Structure formats: C-alpha cells, structure tokens
Amino acid sequence: MPVQQTLADRQKLHSLKMGSPVNLYFGVPYCIQTDPGKCGYCLFPVEVFSGNIDLEIYFDYLRREAAMYKDFLKDIPLGAVFFGGGTSNLYKETKYGELMDLVRQLFPVIPEYVDITLEGIPQLFTREKIKAIKDAGMNRISMAFSR
Ligand SMILES: C[S@@+](CC[C@H](N)C(=O)[O-])C[C@H]1O[C@@H](n2cnc3c(N)ncnc32)[C@H](O)[C@@H]1O
Ligand code: SF4
C-alpha cells in the first residue's frame, strides 16, 4: 500500500479518535567493515562505512523525508523512537542533537515516558558520545556483542 494512503488512513482514524501513536524508526545503513562482511550473518541492508560524508549525505535524505511526513503526522501522538541500523552510533557527537531536531519537527511535544533509543556497537560508545546522546534527549541505548 502506498505510504501516502497509509498516512491518510492514520489521519482519518486519528480524527475519529480511533488512532494509535506512531513509532518512528530512523535507520543508518552503514557499518564498519567486518571479516567476513556483514558480521558473517547480518540480513540488514547495510553498506561498508567509508567516512563521515556517507552519514552527512544520508542525514540530508532523512531531513528531506521528515519534511515530507510533517503534515501527515500533525497532531498524531508519538509512541517511541528508535535509531537503528546498521550502526547509528557512527554519528559524531554534534549529530545527535540534529537527529532529535528532526524528531521534534515531526512531534513538537514528546512526553517523558516515550522511549527514545539509539542502537550501536559497544566500541563506538565513548563517554563523550553517550553524553551527547543524553543531552540530545535520547533516553535509552541498545547494543549487542555481535561483532
Ligand atoms: C542490526 S544490528 C544493529 C546494531 C549494531 N550494528 C549491532 O550489530 O548490534 C541489531 C541486532 O540485530 C542482530 N542481528 C543482525 N542480523 C541478524 C540475524 N540475521 N538474525 C538475528 N539477529 C540479527 C545483531 O546481532 C544485533 O544484535
Ligand atoms: S554491525 Fe550490526 S548491523 Fe552492521 S553488519 Fe554487523 S550485525 Fe549487521
């Protein structure tokens, strides 16, 4: 079903007070190279990270996509946010605030109980990065020891 139709249906349900909150998922389709590739088993759509420019270009697409969804999501409550992957903690410290700005563009009011999770790999979670993630308003991190 086309995305526009799905969003229009959600708006209609919401106007009838029968809607449910929206959960947002932002992917980052890059990972540090592994041997064997893709951690040897991963089925997620990722490419080998080749530098910060990848993330900047991808972020620009996220920004443009968020702008397209803005009107459709107006007045719909937010259920949860998940920054997944790939590897979402490849971003530099300054970017987590910008990611949350995108979320706030779509959902200006974020209740305290909303889980906002960022997923990543342990070796990229520096103390500075965790602080930047927290300061940005994210309140949960998720990681596994798969590599
Ligand atoms: C897609 S990764 C993203 C976060 C990070 N890159 C990582 O490896 O933890 C999220 C989780 O999915 C798991 N995963 C990836 N491919 C899987 C598969 N084919 N079956 C089950 N779990 C998988 C990983 O082990 C990891 O715990
Ligand atoms: S780091 Fe995570 S997302 Fe990336 S290839 Fe490995 S399991 Fe998949």
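Start by selecting Thr117 and Arg140: Arg140, in strand E6, is the bridge partner of Thr117. Keep in mind as you go that this is a predicted model.

Now widen the selection to both strands, E5 (residues 115–120) and E6 (residues 140–143). They pair in the parallel sense, over four bridges. To see how the chain gets from one to the other, add helix H4 (residues 127–136): the path leaves E5, runs through H4 and arrives at E6, a β-α-β crossover that is right-handed.

Keep H4 on screen and bring in H3. The axes of H3 and H4 come within 8 Å and cross at roughly 25°. Angles under 35 degrees count as roughly parallel, and H3 and H4 are therefore roughly parallel to each other. H3 passes H4 in a right-handed crossing. For the contact itself, pick Tyr96, Gly97, Leu99 and Met100 in H3, then Ala132, Ile133 and Ala136 in H4. Colour this contact by class and you will find six nonpolar residues, one polar and no charged ones.

Next, hide H4 and show helix H2 (residues 52–73) beside helix H3 (residues 95–106); their axes come within 8 Å and cross at roughly 20°. That angle makes H2 roughly parallel to H3. Here too the crossing is right-handed, with H2 passing H3.

Which residues of H2 and H3 meet? On the H2 side, select Phe59, Leu62, Arg63, Ala66, Tyr69, Lys70 and Leu73; on the H3 side, Lys95, Leu102, Gln105 and Leu106. Colouring the contact of H2 with H3 by class gives seven nonpolar, one polar and three charged residues.

How values were computed: Residues numbered from 1 in each chain as written. Chains lettered and ligands numbered in written order. Predicted model: local features only at pLDDT ≥ 70, side-chain atom pairs only at ≥ 80, totals over all residues. Axes fitted to C-alpha atoms, helices over the stretch in contact; angles between N-to-C directions. Helix = DSSP H or I, 4+ residues; strand = E, 2+ residues; numbered from the N terminus. Parallel < 35°, antiparallel > 145°, perpendicular 65-115°, else oblique. Left-handed = near helix turned anticlockwise from the far one by under 90°. Contact = placed C-beta atoms within 7 Å. Nonpolar A, V, L, I, M, F, W, Y, C, P; charged D, E, K, R; others polar. Pairing = 2+ DSSP bridges. Right-handed = clockwise from strand over helix to strand, strands pointing away.
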